[in-house]
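Subject: Structure handover

Hello,

Here is the structure I promised to pass on. My notes follow below it.

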Amino acid sequence: MSTTHFCSTCAGRAGGRTHAYDKGTNHKPYTRRTVVNDAVPRRRYWPVVLASTAVTQQMSCVVAAAAVPLHLQAGRTGPRQLLAACGVLLLLGYATCAVLGGQLLGGSLVGAGAGVYGLSPLLHSLTATVSSDSVVALAVGLAAAHLGLCDYSFVNSVTDKMTGALSLAAAVLAAVLVAGRMRTELETFAVVLLALELFLLSPFARRHVRRASVPAHLALTAVMAAAATALLFPASPAGAGAFAGSVLVVTLVCPAALVRGHVFKAKISGPWDEAAPHIPSELMPRRTGAGGAAAAAPEASRT
């Protein structure tokens, strides 16, 4: 004859009540049958690496936009060469969107460039009364805010509409602050125009490349990272090395940590019912009026 026992492990999930079971049976409480992350989709390493390339590309844009003004200040390049490079990038961006995505971009970027050219005298003297240390600190903070708020889902074709206006505003404001430290108005115009192409036009072109061909997207990521490193190396070899290391960490190490950390998620599912709270009648508020008199009559009959 088997002895009846009460499972204390399962207590608490049903309002504090336990259930009986026989000692001779193989009883398994609910804690042995719980499943962690059963409804959470499993992440795989290489798809996460592919998604992280959008972050790598945006980091490359930020480093390129920061390195070019350093070359202008050092005299390694001139504003006319930079404007010629901006013209080539503009044609490549428009052609990529038209050929790969069938998207004909309007003249908004050209109009913005014309507006920036007209405002170049004002932008050139915008930070004349601000120290260089303050400008650099503000630009670095705005660049970090841009990377944190950027819409990476748009480049990865997760969303159809580009959002993140605050991120774009932070990047353009950082470029305007840096452009105000240039020596001539033409250099100021070239720096701001380059920033508009990198942060406003390039996401559309990179999105179409990603949708057309994954190998081309990976090759573009490698080219952008290498170009940003090459631009930064003459100005700061240590900074170029730090950027190359951060690219490896973001592209290869962080996805591995994300996949590894999946097992530590706190979403748990199991074969139990929702607990029914038991509230003692002494804690219930007493009713007044006709309802209270009607409720007191049965209690008086019981006494």
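A helix here is a DSSP run of H or I with at least four residues, and helices are numbered from the N terminus. By that numbering, leucine 252 sits in helix α10. Please keep in mind that this is a predicted model.

**Overall picture**

The protein has eleven helices and four strands. It has 303 residues, and 32% of them count as buried. Contacts reach far along the chain. Taking those between residues at least 6 apart in sequence, 71% join residues at least 24 apart. The exposed area is about 17,900 Å², with 65% of it supplied by carbon and sulfur atoms.

**The nonpolar patch**

Back to leucine 252. Its relative accessibility is 36%, so it counts as partly exposed. Leucine 252 belongs to a nonpolar surface patch of about 500 Å². Trp46, Leu248, Val249 and Val253 are the other members. Helix α10 spans residues 237–260 and gives the patch its largest share, four residues.

**Salt bridges**

How many salt bridges are there? The count comes to two.

One joins the side chains of arginine 207 and aspartate 160, at 3.5 Å from N to O. This pair ties together distant parts of the chain, 47 residues apart. Arginine 207 is in helix α8 (residues 185–212), while aspartate 160 is in the loop between α6 and α7 (165–179). Their surroundings contrast. Arginine 207 counts as buried because its relative accessibility is 6%. Aspartate 160 counts as exposed because its value is 70%.

The other pairs arginine 183 with glutamate 187, with the closest N and O atoms 3.3 Å apart. Arginine 183 has 49% relative accessibility, so it counts as partly exposed. Glutamate 187 is buried, with a relative accessible area of 4%.

**Aspartate 151**

This residue deserves a look. Aspartate 151 lies in the loop between α5 (132–149) and α6 (152–155). It is buried, yet it has no salt bridge. Which side chain of opposite charge is nearest to it? That is arginine 207, 7.6 Å away. A salt bridge needs a nitrogen-to-carboxyl-oxygen distance within 4 Å, so a separation of that size does not qualify. Arginine 207 is instead bridged to aspartate 160.

What does the side chain of aspartate 151 reach? It reaches the backbone nitrogen of serine 153 at 3.4 Å. It also makes a polar contact with the side chain of threonine 163, at 3.0 Å. Beyond its neighbours within four places in sequence, aspartate 151 is in contact with Thr159, Lys161, Met162 and Thr163.

**Serine 157**

Serine 157 is in the loop between α6 and α7, as is aspartate 160. Its phi is near 65°, a positive value in a residue other than glycine. Most residues other than glycine have a negative phi. Serine 157 has 27% relative accessibility, so it counts as partly exposed.

**Histidine 71**

Histidine 71 is found in helix α1 (residues 45–74). Its relative accessibility is 10%, so it counts as buried. A polar atom of its side chain lies 2.6 Å from the backbone oxygen of leucine 231. Setting aside neighbours within four places in sequence, histidine 71 is in contact with Arg76, Thr77, Leu231 and Pro234.

**Two pairs far apart in sequence**

Alanine 227 lies in helix α9 (residues 214–232). Its C-alpha atom is 7.8 Å from that of alanine 64, although the two residues are 163 apart along the chain. Alanine 227 counts as partly exposed because its relative accessibility is 39%.

Serine 132 is found in helix α5. Its partner is arginine 181, 49 residues away in sequence and 7.8 Å away in space, C-alpha to C-alpha. Serine 132 is partly exposed, with a relative accessible area of 40%.

**Where to start**

I would open the view at aspartate 151, buried and without a salt bridge. Then turn to the bridge between arginine 207 and aspartate 160. Finish at the nonpolar patch, where helix α10 has the largest share.

Best wishes

Notes
Residues are numbered from 1 along each chain as its sequence is written. This is a predicted model: local features need pLDDT of at least 70, side-chain atom pairs count only at pLDDT 80 or more; totals for chains, interfaces and linings use all residues. Side-chain values use heavy atoms; hydrogens and water are left out. Helices (H or I, at least four residues) and strands (E, at least two) are DSSP runs, numbered from the N terminus. Buried means under 20% relative accessible area, exposed over 50%, partly exposed in between (1.4 Å probe, protein chains only). Lys and Arg count as positive and Asp and Glu as negative; His and the chain ends are not counted. A polar contact is a pair of N or O atoms within 3.5 Å; within protein, one must be able to donate a hydrogen and the other to accept it, and residues adjacent in sequence count only if both atoms are side-chain atoms. Contact means heavy atoms within 4.5 Å. Patches are made of residues with over 30% relative accessible area and no salt bridge: like charges are joined within 9 Å, nonpolar side chains (Val, Leu, Ile, Met, Phe, Trp, Tyr) within 5 Å. Accessible areas come from the Shrake-Rupley method with a 1.4 Å probe; for residues, only the protein chains shown count as cover.
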